[in-house]
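Q: I should like to look closely at one part of the structure shown here. Please treat it in connected prose.

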Amino acid sequence: MPLRTLALIGMFFASTTICLGWDGFDNETGASVEIGKGNLVRSGQTIEIYDHGSGEYRDVDVQSIQRSGGSVEVEVYDSESGEYRTLEMDD
């Protein structure tokens, strides 16, 4: 296999790991959500999530974070909708 082909394959796999985020779901709606890599998930921070249920990116404010068994509950406030949401993320 030529060196160029190996380099392209390596770049493909490297780019797929960069795109990965933190997966979970919205406790109320059951919709899958993703917190993109690079977001600092801490109380008081604004983060961007992708809501697979609505097909939209949303900016939300982190209210609290609690570890619960094999998952992490992240309570956020969505100022656009005026709603608090609890996201259960994979640990």
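How many aromatic pairs does a search of the whole structure find? Please then examine the surroundings of Asp78, in strand 5.

A: This is a predicted model, in which local features need pLDDT of at least 70 and side-chain atom pairs count only at pLDDT 80 or more, whereas totals for chains, interfaces and linings use all residues. Residues are numbered from 1 along each chain as its sequence is written, and side-chain values use heavy atoms, with hydrogens and water left out.

The search of the whole structure finds two aromatic pairs (rings of Phe, Tyr and Trp, the last by its six-membered ring, with centres within 6.5 Å). Tyr77 and Tyr84 form a pair that is tilted, with 4.7 Å from centre to centre and 50° between the planes; planes under 30 degrees apart count as stacked, those over 60 as edge-to-face and the rest as tilted. Tyr77 counts as partly exposed because its relative accessibility is 25%; buried means under 20% relative accessible area, exposed over 50%, and partly exposed in between, with a 1.4 Å probe and protein chains only.

Asp78 belongs to strand 5, which covers residues 71–78. Strands (E, at least two residues) and helices (H or I, at least four) are DSSP runs, numbered from the N terminus. Asp78 has a relative accessibility of 2%, and therefore counts as buried.

The side chain of Asp78 makes a polar contact with the side chain of Arg58 at 2.9 Å. It also reaches the backbone nitrogen of Glu80 at 3.0 Å. A polar contact is a pair of N or O atoms within 3.5 Å; within protein, one must be able to donate a hydrogen and the other to accept it, and residues adjacent in sequence count only if both atoms are side-chain atoms.

Leaving aside residues up to four places away in sequence, Asp78 touches Arg58, Asp59, Val60, Glu83 and Arg85, where contact means heavy atoms within 4.5 Å. Asp59 is 19 residues from Asp78 along the chain, and their C-alpha atoms are separated by 6.9 Å.

As for the wider setting, the protein chain has one helix and six strands, in the order α-β-β-β-β-β-β along the sequence. Of its 91 residues, 22% are buried.
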